[in-house]
Amino acid sequence: LIYRICRRYFSRLPSLAAVIFGLVGTASLYHTINNVHLAHATGVFAIALFCSLGFSIADGAEKPTRRWFAMWALFGFVASLMIVARYSSVLFLIFALHPILTTLRMQPRRDATRHLLIALSLATLAAIPLLAVQMGLWKVVHGSFLADSYNAKGAGFHWLNPALFGYFLSAKHGLFFWSPVL
């Protein structure tokens, strides 16, 4: 999926290099092979699938079909999978602007508004079941509808106090330490 996304903008060799560097130059390979009980690999897959679906939806925005609306429902379900895998991935929802803005650009305003209202409703309805089940399980297990297993270990992400210095430079969990390609 990541290769396909890269190929939209780059030739084969740079796209392949990006995928290889992303796999071996980050912790992705480790989490895919050695630490499979964590949700990292699932999160990367869900993000890649979400972005890939966003491109496919945008490609069909000029003349929506039943398939286009079904893809919006799948887009919503995959968004919920992405968020359940790692709820800080909610930040990737900004990518949903691409198919939305493409639809607004490709269709007459009246049609686009109606189509997007239906599409976003389908996406929301498709996202709710998985989110509801997972949030219910978190409530039962952790006592909160939003649970972060890292918080129990003191390593969670705090939205109001993000500690960006530690996020990028920490030797324990820092982005640059774990992603030598960067």
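1. Lining of the second largest pocket. By class, this lining holds 12 nonpolar residues and three polar ones, with no charged residues. The model is predicted, and the pocket should be read with that in mind. The volume of the second largest pocket is about 180 Å³. It is lined by 15 residues, and those closest to its centre are Phe-50, Gly-76, Ala-79, Leu-93 and Ala-123.

2. Where the lining comes from. Helix 5 (66-85) and helix 7 (109-142) each give at least two residues to the lining of the second largest pocket. Helix 5 provides the largest share of that lining, six residues. Keep helix 5 in view for the core as well.

3. The largest nonpolar core. This core has 22 residues. The members that touch the most others are Phe-50, Ile-57, Trp-68, Trp-72 and Phe-75. Helix 4 (40-59), helix 5 and helix 7 are the elements that give two or more residues to this core. Helix 5 again makes the largest share, here eight residues. In soluble globular proteins, nonpolar side chains tend to be buried together. Phe-50 appears in both lists: among the residues closest to the centre of the second largest pocket, and among the core members with the most contacts to other members.

4. Phe-75. Which residues does Phe-75 contact, leaving aside its neighbours within four places in sequence? They are Phe-50, Leu-53, Gly-54, Ile-57, Ala-96 and Pro-99. Phe-50 and Ile-57 are also on the list of core members that touch the most others.

5. The chain as a whole. The secondary structure comes to 10 helices and zero strands. From the N terminus on, the order of elements is therefore α-α-α-α-α-α-α-α-α-α, with each run assigned by DSSP. The chain has 182 residues, and 30% of them count as buried. Take the contacts between residues at least 6 apart in sequence: 61% of them join residues at least 24 apart. The exposed area is about 11800 Å², and carbon and sulfur atoms supply 69% of it.

6. Ser-52. Is Ser-52 buried or exposed? Its relative accessibility is 10%, so Ser-52 counts as buried; the cut-off is under 20%. Ser-52 is found in helix 4. Not counting residues up to four places away in sequence, Ser-52 touches Leu-1, Arg-4 and Ile-5.

7. His-115. This residue is found in helix 7. Because its relative accessibility is 13%, His-115 counts as buried. Leaving aside neighbours within four places in sequence, His-115 is in contact with Pro-64, Trp-68, Phe-69 and Gln-107. Of these, Trp-68 is one of the core members that touch the most others. His-115 and Ala-61 lie 54 residues apart in sequence, and their C-alpha atoms are 9.5 Å apart in space.

8. Met-106. Helix 6 (residues 97-106) holds Met-106. Why is Met-106 counted as partly exposed? Its relative accessibility is 33%, and partly exposed means between the 20% and 50% cut-offs. Not counting residues up to four places away in sequence, Met-106 touches Ala-61 and Glu-62. Met-106 and Glu-62 are 44 residues apart in sequence, yet 5.0 Å apart from C-alpha to C-alpha. Ala-61 thus recurs in this note: Met-106 touches it, and the distance from His-115 is given above.

Notes: Residues numbered from 1 in each chain as written. Predicted model: local features only at pLDDT ≥ 70, side-chain atom pairs only at ≥ 80, totals over all residues. Heavy atoms only, no water. 1 Å grid on protein atoms, 1.4 Å probe; cavity = no way out; pocket = protein on both sides within 12 Å on 5 of 7 lines; lining within 4 Å. Points joined across faces, edges and corners; volume = space filled by probe spheres on them. Helix = DSSP H or I, 4+ residues; strand = E, 2+ residues; numbered from the N terminus. Nonpolar A, V, L, I, M, F, W, Y, C, P; charged D, E, K, R; others polar. Core = buried A, V, L, I, M, F, W, Y, C linked by side-chain atoms within 4.5 Å. Buried < 20%, exposed > 50% of the residue type's maximum accessible area, 1.4 Å probe, protein only. Contact = heavy atoms within 4.5 Å. Areas by Shrake-Rupley, 256 points an atom, 1.4 Å probe, with all protein chains shown as cover.
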